[in-house]
Amino acid sequence: MIAKISNGKNTAKLLAYLYGPGKANEHTDPHLIASWDGFAPDPGRSPDTKQAKEQLVQALDLRVKQAGERAPEQYVWHCSIRAAPEDRHLADEEWADIARRVVAATGIAPTGDPDSCRWVAVRHADDHIHIAATKVRGDLRPARHWNDYLTADKELATIEKEYGLHQVVRGDRTAAKRPTNAERRKAERQHRERTPREELRESVRRAVAGAESEAEFFERLAAAGLFVRQRVAPSGDLLGYTVALPGDRNKDGEPVFYSGSKLAPDLSLPRIRARFTGDSEHKAETAEKNGGHAAQRSASSPASARRSATATAWAAMLVIDQGDDGAAAAEIAAAGEVLDALAKTSAAHTRQELREAAQAFERASRSHTRAERLHDRALRQAARDIVYSGPALGRGEDGAVTAMVIDVLFFVAVSTANWHSKHQHAQQAEAARQAAEHLRAAYRTASAAPMAALHQQGHRLARPLHQKLASTVRSAVPELADTVLTEPGWYALAATLTDAEQAGYEPAALLAEAAGQRQLDSADSVSDVLVWRIRRIADLPAHPLETQPAAAPTAAVRTARPLTAQINQRHSGPTVRRVR
């Protein structure tokens, strides 16, 4: 169950809505199910609806009039309570009990208090009720209802368990503000898929992804076509900003502006500035190395930027799994920037799933755990490189490396979900799981062509070589052998192991390291994961068509470092090296 609480100053207007047809004639059989004393008039059951409604307004407003100027300006308290779509039908008596418990929990009408506020509960639909109350007590003091949303939500969580209803995943007040009903209706009238608030949130997140300064951030906002206003103090210091979509106007024809904090808590100017922590020192160090010149924006190719992001994201995942909470929170937030950058520059066939993955992960990127921002520098740089490397083609090496980075980001999302679950962040954990599913779908699309090419390459290998490689798999990873050798991806793995051996690596050691880096239970295909891990570790081209002819292996092929050393030193870069 979900409660929504608001305050107003017109009892008659609220009751007119509750007993009226609704904004889209959605109200059916409006009627009273509970009240402060059990004897309040019910306009829904009275032969004279108008008179009963006037009597109910007078009864609810009685103490407000008696209190006079001591009454709160917004004296009307309105709470709607909605059941989940999958919940069973609740009878009027059950809804009445729920209403009494909510007004008691919130301080509107504490149990046993003879001076509690006057209230009524109205039902005009199967799945929700409305509670209307006036916030003046019998002793003419204002109601004590501080933190009413939290107390109502806590009581509803208890009610869900007792009534056997769907238990809602509850948040920690770090979620982005949802669009209002008015914003949704306006978007529908304008035939928009999303509200301006949601579009602006995505645009601002993409603008800040990998940005190194406020100037660059505002430059990107302008480049995205947004209207931008800056709030400047008399001293000249920048205090905040607001943004608007060019096509979103109010009734007077003026742009509708939203502040960053109204889009999402981490998009306020102070929170954005926090992302730049350490960047100034990093830029100073870079400038010193470059003889006093600032570093230029990355001009690497899309494939190169994504390949680098793959290694960086893998290192970040290990921090999320094994690091302290502050470092993990920073890496999770920065992973959201990488997803935003990837969605912005992805090819058409993966764009929608990556966009939805980024939107889902947005909720997972925030919690009350304070992020130690210096830890996110590498991932933020990876996001920056992806942005400035330009759009990926979606084929050849670009497409294959995109599949490789999506594969790693899937595991980052899984690690993020596990981290949030461990910290009892239910909404964030669920958001990370949703992002992982979108990444899984994006991976299937991105990997289809390169995996098919590797599959063909593996099919062309001689039978004795296949037998030799199968024997290698059984000796190096016996616990995975039965799975790997029967998967469709086995041929792609065989081709990858052959490429690695030709490049001077020991296949058995590569397999052992790739399998030992992290659990594989969440993967659709173990062999697919091993393909990308081995190609990353051995620095092999992601797409086989890009592979240059390699010399046949000779005695110069060396065994990789001992497995214990590999497992004890899992960094972002390759840990198995050729010995020249």
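This note sets out numbered points on the fold, the sheet and the salt bridges of a predicted model.

1. Overall composition. The secondary structure of the protein chain comprises 22 helices and 8 strands. The protein chain has 580 residues, of which 52% count as buried. Its exposed area is about 27100 Å², and carbon and sulfur atoms supply 50% of that area. Among contacts with a separation of 6 or more, 73% are made by residues 24 or more positions apart.

2. The sheet. An open sheet is formed by 5 strands, arranged in the order β1-β3-β5-β4-β2 with antiparallel pairing. Its edge strands are β1 (2-8) and β2 (31-35), each of which pairs on one side only. From one strand to the next, the twist averages 20°.

3. The pairing of β3 with β5. Strand β3 covers residues 76-82 and strand β5 covers residues 128-134; the two run antiparallel and are joined by 7 bridges. To locate this pairing in the viewer, one may begin at His 78, whose bridge partner in β5 is Ala 132.

4. Helices against the sheet. Helix α1 (residues 11-18) lies across β3, β4 (118-123) and β5, and runs at about 165° to β5. Helix α2 (residues 49-67) lies across β4 and β5, and its direction makes an angle of about 150° with β4.

5. Salt bridges in general. Side chains of opposite charge can pair when their charged atoms come close. With a cut-off of 4 Å between a side-chain nitrogen of Lys or Arg and a carboxyl oxygen of Asp or Glu, the count for this model comes to 36 salt bridges. Three of these pairs are described below.

6. Glu 216 and Arg 220. These two residues form a salt bridge in which the closest N and O atoms are 3.0 Å apart. Why are Glu 216 and Arg 220 separated by about one helical turn? Both belong to helix α7 (residues 214-223), and they are separated by about one turn because they are 4 residues apart in that helix. Glu 216 is buried, because its relative accessible area is 6% and buried means under 20%. Arg 220 likewise counts as buried, at 9% relative accessibility.

7. Arg 275 and Glu 337. In this salt bridge the closest N and O atoms are 3.0 Å apart. The pair links distant parts of the chain: Arg 275 lies in helix α9 (residues 269-275) and Glu 337 in helix α12 (residues 325-345), 62 residues apart. Are Arg 275 and Glu 337 buried or exposed? Both Arg 275 and Glu 337 are buried.

8. Arg 433 and Glu 430. The closest N and O atoms of this salt bridge are 3.5 Å apart. Both residues lie in helix α16 (residues 426-459), where they are 3 residues apart, about one turn of the helix. Arg 433 has a relative accessible area of 40% and is therefore partly exposed. Glu 430, with a relative accessible area of 32%, is also partly exposed.

9. A shared network. Salt bridges that share partners join Arg 205, Asp 266, Arg 275, Glu 337, Asp 340, Glu 362, Arg 366 and Arg 380 into one network. Arg 275 and Glu 337, the pair of point 7, are among the members of this network. When the network is examined in the viewer, helix α9 and helix α12 offer a starting place, as they hold Arg 275 and Glu 337 respectively.

Technical notes. Residues are numbered from 1 along each chain as its sequence is written. This is a predicted model: local features need pLDDT of at least 70, side-chain atom pairs count only at pLDDT 80 or more; totals for chains, interfaces and linings use all residues. Side-chain values use heavy atoms; hydrogens and water are left out. Two strands pair if DSSP finds at least two bridges between them. Axes are lines fitted to C-alpha atoms, for helices over the stretch in contact, and angles run from 0 to 180 degrees between N-to-C directions. Contact means heavy atoms within 4.5 Å. Buried means under 20% relative accessible area, exposed over 50%, partly exposed in between (1.4 Å probe, protein chains only). Accessible areas come from the Shrake-Rupley method with a 1.4 Å probe; for residues, only the protein chains shown count as cover.
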